[in-house]
Amino acid sequence: MQSSMVATTRVSSGSPTGYMAPGWAEEYRSRRARLLEKIGSGVAIFRSAPHAVMHNDVEYNYRQDSDFYYVTGFDEPAAVAVLAPNHEEHQFILFVRPKDRLAETWSGRRLGVEAAKEAIGADVVYPIEELTAKLPQYLQTGDRIFYSLGHDPHFDAQILDLWKQQRRSYFRKGRGPIALEDPIARLHQLRNIKSPLELAAMRQAADIAAEAHQRAMEIARPGVWEYEVQAELDRLCRSRGGWGPAYPAIVAAGENACILHYVENNCQLQDGDLLLIDAGCAYGYYNSDITRTFPVNGRFSPEQQTLYELVLAAQMAAIAAVKPGDPYSNVHDVALKVLVEGLLDLGLMVGSVEQIIEKELYRPFYPHRTSHWLGLDVHDVGVYTYGDDPCYLQPGQVLTVEPGLYIAPNIEPKQPGEEDDWPAQPEVPEQWRGIGIRIEDDVLVTEGGHDVLTAAVPKQVADLTWGNG
């Protein structure tokens with residue numbers, strides 16, 4: 001019996017983006033069109049991310065450079081994208097690895113030159129080996145080169161050599177790029193405002209991470225190890241269609257929570273511990289970022305609950321401050337004021353709110369800011385201020401809201417020097433030491449205010465407690 005051989009394309013599951021995903025081709029075309037308009041008479045060059053080596057000849061799983069991916073949707077290494085708005089025939093040029101049966105047998109499939117033109121939507125695609133020969137014809141159509149130095153020293157040197165050649169030929173031909181400029185000011189304005197497709201991917205990343213956090217709350221009990229909780233977080237992110245964790249999860253029990261980027265995750269949960277979990281999911285190239293803190297035995301101590309409710313009040317006030325047209329800095333300022341007022345009420349600090357904030361006396365308790373942008377990168381691109389001028393929130397931006405308090409066992413409140421005019425800060429009583437708390441949600445700026453993408457994860461005291469002593 002003869003079988004019918006049908007050519008098929010193997011499509012990866014769980015990715016909302018990429019050249020195989022429906023609806024995204026137009027998304028990438030729109031991005032390039034907007035960027036082409038922004039670069040005017042220039043020529044922009046984007047280099048793919050290199051492979052990162054874990055040890056010896058073992059590489060990490062490949063992850064494309066976010067700027068390159070934003071413009072192309074292409075997730076292979078050894079590629080270069082060029083945008084040349086003034087070229088007569090080709091405005092989007094792509095250089096990629098050609099098909100190679102032996103190399104693909106060892107290291108995985110390649111799209112190849114022929115297939116990339118249609119799949120990625122480039123005007124022309126060349127083998128990456130022809131980059132040096134082909135690139136000058138596109139550079140000479142612009143008055144400047146847009147390229148970000150500092151990511152790939154070897155490729156940086158190639159671009160600088162080409163730029164020098166173009167500058168020398170300018171005096172003979174009277175055309176070509178004589179300036180070198182970083183494209184991030186133009187590109188990152190686009191990346192900072194998320195499209196509906198991007199937001200759909202981010203909601204999926206948030207939903208998966210929310211489920212993972214809820215599962216972690218179910219299994220985290222005295223006697224369980226931090227790494228067991230981390231393994232369950234990672235498993236659930238992957239099993240629900242995500243790529244896995246957005247970053248190495250922080251699973252910090254007890255005083256480990258006072259270490260902001262604690263990643264050892266090798267301690268056993270003890271009765272009476274709070275557990276701080278900071279974990280997100282990568283869905284395609286988009287990320288979520290959630291932190292919750294809860295008692296592993298279902299009961300807060302009085303000091304733990306007092307500090308937890310203070311951090312929660314600060315977070316709720318900061319989320320309420322997420323409004324289009326308001327300064328980004330308001331989110332931090334509102335949270336900080338609530339925290340400082342609470343520390344004063346508890347007698348853990350002395351002085352005035354204004355004095356403590358001006359002199360940054362709160363920093364032993366709260367050393368970080370309240371927010372960062374979120375998107376293709378966990379700490380996503382976008383400015384926070386324009387020099388002395390504020391950055392105003394706009395619909396389509398996504399930011400975290402994550403106040404915290406960290407009273408390390410060895411905490412040393414900041415003390416005045418001889419010339420300082422603020423009061424000495426009190427020693428922290430023993431019952432407060434070793435408590436670390438952070439609460440973090442992902443918040444979308446909307447036309448009417450905001451939308452908390454990660455609201456499904458419990459954070460009210462009543463939802464985190466069940467023990468009766």
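Trainee: Which residues make the nonpolar surface patch of about 260 Å²?

Mentor: This is a predicted model, in which local features need pLDDT of at least 70 and side-chain atom pairs count only at pLDDT 80 or more, while totals for chains, interfaces and linings use all residues. Residues are numbered from 1 along each chain as its sequence is written, and side-chain values use heavy atoms, with hydrogens and water left out. Patches consist of residues with over 30% relative accessible area and no salt bridge, where nonpolar side chains (Val, Leu, Ile, Met, Phe, Trp, Tyr) are joined within 5 Å and like charges within 9 Å. The nonpolar patch, its area taken by the Shrake-Rupley method with a 1.4 Å probe, is made by M54, V58 and Y60.

Trainee: What is the relative accessible area of V58?

Mentor: V58 lies in strand β3, residues 58–59, a strand being a DSSP run (E) of at least two residues and a helix one (H or I) of at least four. Buried means under 20% relative accessible area, exposed over 50%, and partly exposed in between. V58 is classed as partly exposed because its relative accessible area is 32%.

Trainee: Which residues form a negative surface patch?

Mentor: Asp and Glu count as negative, Lys and Arg as positive. One member, E419, is placed in the loop between β18 (404–407) and β19 (435–438), and E419 counts as exposed because its relative accessibility is 77%. The negative patch as a whole is formed by E358, E418, E419, D420 and D421.

Trainee: How far apart do the centres of the positive and negative side chains of the protein chain lie?

Mentor: Each charge is placed at NZ of Lys, CZ of Arg, CG of Asp or CD of Glu. The chain has 42 positive and 65 negative side chains. The centres of these two sets are separated by 9 Å.

Trainee: Which side chain of opposite charge is nearest to D156?

Mentor: D156 belongs to helix α6, residues 153–173, and touches Y147, S148, L149, G150 and H151, leaving aside residues up to four places away in sequence. D156 is buried yet has no salt bridge, a bridge being a side-chain nitrogen of Lys or Arg within 4 Å of a carboxyl oxygen of Asp or Glu. At 8.3 Å, the nearest side chain of opposite charge is R47.

Trainee: How far apart in space are D143 and G176, C-alpha to C-alpha?

Mentor: D143 sits in the loop between α5 (131–139) and β7 (144–146). Contact means heavy atoms within 4.5 Å, and G176 is among the residues that D143 touches, including S41 and P177. The two residues are 33 apart in sequence, and their C-alpha distance is 5.3 Å.

Trainee: What is the relative accessible area of N265?

Mentor: N265 is found in the loop between β10 (250–253) and β11 (274–279). N265 has a positive phi of about 50° although it is not a glycine. Most residues other than glycine have a negative phi. N265 counts as buried because its relative accessible area is 1%.

Trainee: What share of the 469 residues in the protein chain is buried?

Mentor: The protein chain has 13 helices and 21 strands, and its C-alpha trace spans about 75 × 75 × 50 Å along the principal axes. Among contacts between residues at least 6 apart in sequence, 72% join residues at least 24 apart. Of the 469 residues, the buried share is 50%.

Technical notes
Buried < 20%, exposed > 50% of the residue type's maximum accessible area, 1.4 Å probe, protein only.
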